[in-house]
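Colleague: I have a new model open and would like to learn how to read it with you. Could we go through it feature by feature?

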Amino acid sequence: MRTVVVNGVEHWLGHVKDFTKHSALVDFLPKDNRISMAWVRLEAGEQLDEHTHPVDSMILLCEGSAETIGDVKSSMNAGDILVVPPGRDHGFIGGQPNGFWGLSLQFDSRGLYEEITDPWASFEKREADAMALRDDPKEILFQRNEYYMERFDKHRLFALINKGLLDKPANKARFLDCFQVWSNYFQKMVFARVLCTREGAHEDLAWDHLIEELGHNRDLSEARTKKTPVFDPILESSAAWFQNIIQTLSDIEKVVLVHLVVECSATFFYKHVKPAMQTESTNKHFDEHSMHDHEHVKMGYDFIREYPVGDLAPLLEIQEKGWSMLGVVMARIADLVVHFAAAEVEEPVAQQAEEPEKMELVGA
Ligand SMILES: [Fe+2]
Ligand SMILES: [Fe+2]
């Protein structure tokens, strides 16, 4: 791969060789999406423009040299590593006389250019908070939500589902067993919010939301026949956090957590999960949510737009915490399904006499 098209504009990448495009490597590498690798090369003087990724990434320079551009301006030689957190500007120029070969590594969900129609790179500069601040402080909250949503959209759970994690009925059942835990705590959060909301307009919003959501967890459960209850301490405690924390928040913080964080996340959740649930008895749940959750997001945005927000800091804080905790809930669901799927595959193999695996030489 030499170039990538982002928002209709073609960008020069140099030379990218994604390991997932090589059948021997695909067979060999673990299937749990914990690692993605690609060879990257720039000739001397060739430039990969400044850009950002929505996930953690690192470049290990293997041979030759490079100049880095963007947030870190430095020289790199063989053995040097540039670690790139999400959203940080970076780019490279191939050093003299031979440019460089490097390894691009991600440890989260999938390779940056693994899906050529959906490259995980942005070449546009993000508007700084300060720009938004001049117009309306609430815009900072909304703008940050866009950032959190973009990251959540790239969550490992969804990357795995898009790669077929739920194709097997047993994995799908396991996923729904885990999801049921979250769905139950979601209901409790919505209830708890009504119980401890203090002010009139907030109470109306909380009730409206409760009435629309009421009992969806039970519908989901009743739509399924083969169920195995899941108790996992990490899933349990991260999902329960929402029910517990909501009781300590101010009314406006509750709006941020419920609508800007949880309901927003649900729109991405259903976007990725619904296609994998076709022909399931749980279709009704997934169909209804993919429609209603957009409305539940809008309820919160409309409310905050009308509401006089004094101190933004506590809202930004609960926004950040909420998105992080959701990331943990979804990551735990991903782990629980992946571990289950791996155990399912391993059992029958263990009974057979094992044939030694083929050894293979894979050229760069
Ligand atoms: Fe990059
Ligand atoms: Fe909803």
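Modeller: Gladly! Let's begin with strands and how they pair. Strands (E, at least two residues) and helices (H or I, at least four residues) are DSSP runs, numbered from the N terminus, and two strands pair if DSSP finds at least two bridges between them. With that in hand, Ala-66 stands opposite Gly-94 in S9.

Colleague: Before we go on, what kind of model is this, and how is it numbered?

Modeller: This is a predicted model, in which local features need pLDDT of at least 70 and side-chain atom pairs count only at pLDDT 80 or more, while totals for chains, interfaces and linings use all residues. Residues are numbered from 1 along each chain as its sequence is written, chains are lettered from A and ligands numbered from 1 in the order in which they are written, and side-chain values use heavy atoms, with hydrogens and water left out.

Colleague: Back to the strands, then. Which strands pair with S6, and in what sense?

Modeller: Strand S6 (residues 57–70) pairs in the antiparallel sense with strand S8 (residues 81–84) over 4 bridges, and Leu-60 stands opposite Ile-81 there. With strand S10 (residues 100–106), S6 forms 6 bridges, again antiparallel; Ile-59 faces Ser-104 in that pair. Strand S9 (residues 90–94) is joined to S6 by 5 bridges and runs antiparallel to it. Strand S7 (residues 74–77) has 4 antiparallel bridges to S6, with Thr-68 opposite Ser-74, and a hairpin of 3 residues joins S6 to S7.

Colleague: Does a record say anything about this region?

Modeller: UniProt places the feature "domain: Cupin type-2" at residues 39–93, in an unreviewed entry. UniProt positions are given in the numbering used here, feature names are shortened, and annotations may be inferred rather than shown by experiment. In the model, that span is 0% helix and 64% strand, and its end C-alpha atoms lie 16 Å apart.

Colleague: Now the metals. Which residues are the protein donors of the iron ion (ligand 1)?

Modeller: Donors are N, O and S atoms within 2.8 Å of the metal (3.2 Å for Na, K and Ca), and sites may look incomplete because water is not among the atoms. For ligand 1 they are NE2 atoms of His-51, His-53 and His-90, at 2.1 to 2.2 Å. Along the chain the spacing reads H-x1-H-x36-H. Both His-51 and His-53 are buried, meaning under 20% relative accessible area; exposed is over 50% and partly exposed in between (1.4 Å probe, protein chains only).

Colleague: And what are the donors of the iron ion (ligand 2)?

Modeller: Glu-213 (OE), Glu-263 (OE, listed twice), Asp-293 (OD) and His-296 (ND1) lie 2.0 to 2.4 Å from that ion. Their sequence spacing is E-x49-E-x29-D-x2-H. Asp-293 and His-296 are 3 residues apart in helix H10 (residues 283–306), so about one helical turn separates them. An α-helix has 3.6 residues a turn, so residues three or four places apart point the same way. Both Asp-293 and His-296 are buried.

Colleague: How do I check a helix, say H5, against its expected span?

Modeller: The expected span is 1.5 Å times one less than the number of residues. Helix H5 (residues 169–195) has 27 residues and should span 39 Å, which agrees with the 39 Å between its end C-alpha atoms. Of those 27 residues, 19 are buried.

Colleague: Is Leu-176 in H5 buried or exposed?

Modeller: Leu-176 counts as buried because its relative accessibility is 2%. Contact means heavy atoms within 4.5 Å, and beyond four places in sequence Leu-176 touches residues including Leu-220, Met-277 and Phe-286.
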